[in-house]
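This briefing is meant to be read with the coordinates open beside it. It goes through the sheet, the helices, the nonpolar cores and a few single residues in turn.

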Amino acid sequence: MILPVLGGPTGSGKTALTQVLDPKRFEIVSFDSRQVYRDLPVGTTAPTPQESSYIRHWLIGYLNADESLNASQFSIWAREAISDIRARGKIPFLIGGTGFYLRAFLLGMYPVPNVPKETKDYVLELPLEEARTQLFAKDPKALESLSPQDGYRIKRALEVVLTGVLWSEVSKETVGGYLNDYPDVQVIGHWLDWPRDILYDRINRRVEEIATGMLAETKVVVSRYGSDCPGLRTLGYNFALAFLNGTIDSNTFIEQLAQSHRNYAKRQITWFKKDPLLSPISFEAAVQLYTNIDKI
């Protein structure tokens, strides 16, 4: 069985590529941890109703903004989606920018314990340097495999350590993984690679397009769920909140929103470059490759 997989940084054209696929052959399984929020379609640049009506997208708009999500639950949903798609004779196409969720689904995850919400919230608010200090004090070996600037993984490791489990021990091997359960699956995997200046220009133009709508949906979400709901921890919404609270002006909002998206794209590229299942590909070459995949 073939399993087409396409990653890519924000602004690289992943959704645009879905619009040239044959909807009679493919359905999309979205690997985006933020587009699962139905209340945040603008700020997460989720597929529009028109785009979703052309070709079906799974795992879009599943949760309210006051609900949380983790890679384990996402993997369960992805398996269900793939099973449904295959049962109807179509090809599931995995597309997204959340590289961690994608890799966790395909290759498995570390057998970490459930982390209480209060612990997650505590660690989330820590400055990176303080998180590193605490992790070093409790599990110094954990830092040997982590980049000093990888705030996400350092804080994730600290969350686990604060439950009483050593990250250096549970991170030795993964468990589960779709490819382990289905070894006959042939992954055709790439990530969309653009010249950096062109990608940043695409991001800047996208930010200008979504800024007004993002502010409007932030107001609605705050009125429904409060400003500290999980959905508003999504990239860029802290700047929308700051603008609505009057602590930054509109120009600063746009500048900081664009900068945060460019920084995020840079981190995504770093992640995808290290992914053993994905290789870089241009947008034009990706269109040519994926639209001509023979159904097996």
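The points below describe a predicted model, grouped by topic. At its centre of interest is an open sheet of six strands with parallel pairing, in the order β3-β2-β4-β1-β5-β6.

**The sheet**

- The edge strands of this sheet are β3 and β6 (279-281), each of which pairs on one side only.
- Strand β2 (26-30) is joined to β4 by five bridges, the two strands running parallel, and within that pairing Ser-30 stands opposite Ile-95 of β4.
- With β3, strand β2 also pairs in the parallel sense, here over two bridges, and Val-29 stands opposite Trp-58 of β3.
- Strand β1 is joined to β5 (residues 186-192) by six bridges, and these strands run parallel; the bridge partner of Leu-6 in β5 is His-190.
- Strand β2 is mostly covered, with five of its five residues buried.
- In a regular strand the side chains alternate between the two faces of the sheet.
- In β2, Phe-26, Ile-28 and Ser-30 point one way while Glu-27 and Val-29 point the other way, and all are buried.

**Helix α3**

- Helix α3 (residues 71-87) has 17 residues, which at 1.5 Å a residue should span 24 Å, and the C-alpha atoms at its ends are 24 Å apart, in agreement with that expectation.
- The buried residues of α3 are Ala-71, Phe-74, Ser-75, Trp-77, Ala-78, Ala-81, Ile-82 and Ile-85.
- Seen down the helix axis, the buried residues of α3 fall within an arc of 165°, so they line one face of the helix.
- An α-helix has 3.6 residues a turn, so residues three or four places apart point the same way.
- The cover over the buried residues of α3 includes β2, β3 (57-58), β4, α4 and α9 (178-181).
- At the start of α3, a side-chain oxygen of Asn-70 comes to within 3.2 Å of the backbone nitrogen of Ser-72, and just after the helix Gly-89 takes a positive phi of about 80°.
- Ala-87 also belongs to α3, and it counts as exposed because its relative accessibility is 68%, where exposed means over 50%.
- Between Ala-87 and Ser-53, which are 34 residues apart in sequence, the C-alpha to C-alpha distance is 20 Å.

**Helix α4 and the loop before it**

- Thr-98 lies in the loop between β4 (91-96) and α4 (99-107), and with a relative accessible area of 11% it counts as buried, because the cut-off is under 20%.
- Leaving out residues up to four places away in sequence, Thr-98 touches Phe-31, Asp-32 and Ser-33.
- In α4 the buried residues are Gly-99, Tyr-101, Leu-102, Ala-104, Phe-105 and Leu-106, and they pack against β1 (2-7), α3, β4, α9 and α12 (250-273).
- Just after α4, Gly-108 takes a positive phi of about 100°.

**Nonpolar cores**

- The largest nonpolar core has 70 residues, of which Val-29, Phe-31, Phe-93 and Leu-94 touch the most other members.
- Helix α10 (residues 196-225) contributes the largest share of this core, namely eight residues.
- Apart from the largest core lies another of 13 residues, among them Val-123, Leu-126, Ala-142 and Val-160.
- Not counting residues up to four places away in sequence, Phe-31 touches Phe-74, Ala-78, Leu-94, Ile-95, Gly-96, Gly-97, Thr-98, Tyr-101, Leu-102 and Phe-105; Phe-74 and Ala-78 are among the buried residues of α3, and Tyr-101, Leu-102 and Phe-105 are among those of α4.

**Leu-241 in helix α11**

- Leu-241 is found in helix α11 (residues 237-244), and its relative accessible area of 15% places it among buried residues, because buried means under 20%.
- Neighbours within four places in sequence aside, Leu-241 is in contact with Thr-218, Val-222, Ser-227 and Leu-232.
- The C-alpha atoms of Leu-241 and Phe-253 are separated by 9.5 Å, the two residues being twelve places apart along the chain.

Methods:
Residues numbered from 1 in each chain as written. Heavy atoms only, no water. Helix = DSSP H or I, 4+ residues; strand = E, 2+ residues; numbered from the N terminus. Buried < 20%, exposed > 50% of the residue type's maximum accessible area, 1.4 Å probe, protein only. Contact = heavy atoms within 4.5 Å. Expected span 1.5 Å × (residues − 1). Arc of directions from axis to C-beta. Polar contact = N/O pair within 3.5 Å; in protein donor to acceptor, adjacent residues only side chain to side chain. Pairing = 2+ DSSP bridges. Core = buried A, V, L, I, M, F, W, Y, C linked by side-chain atoms within 4.5 Å.
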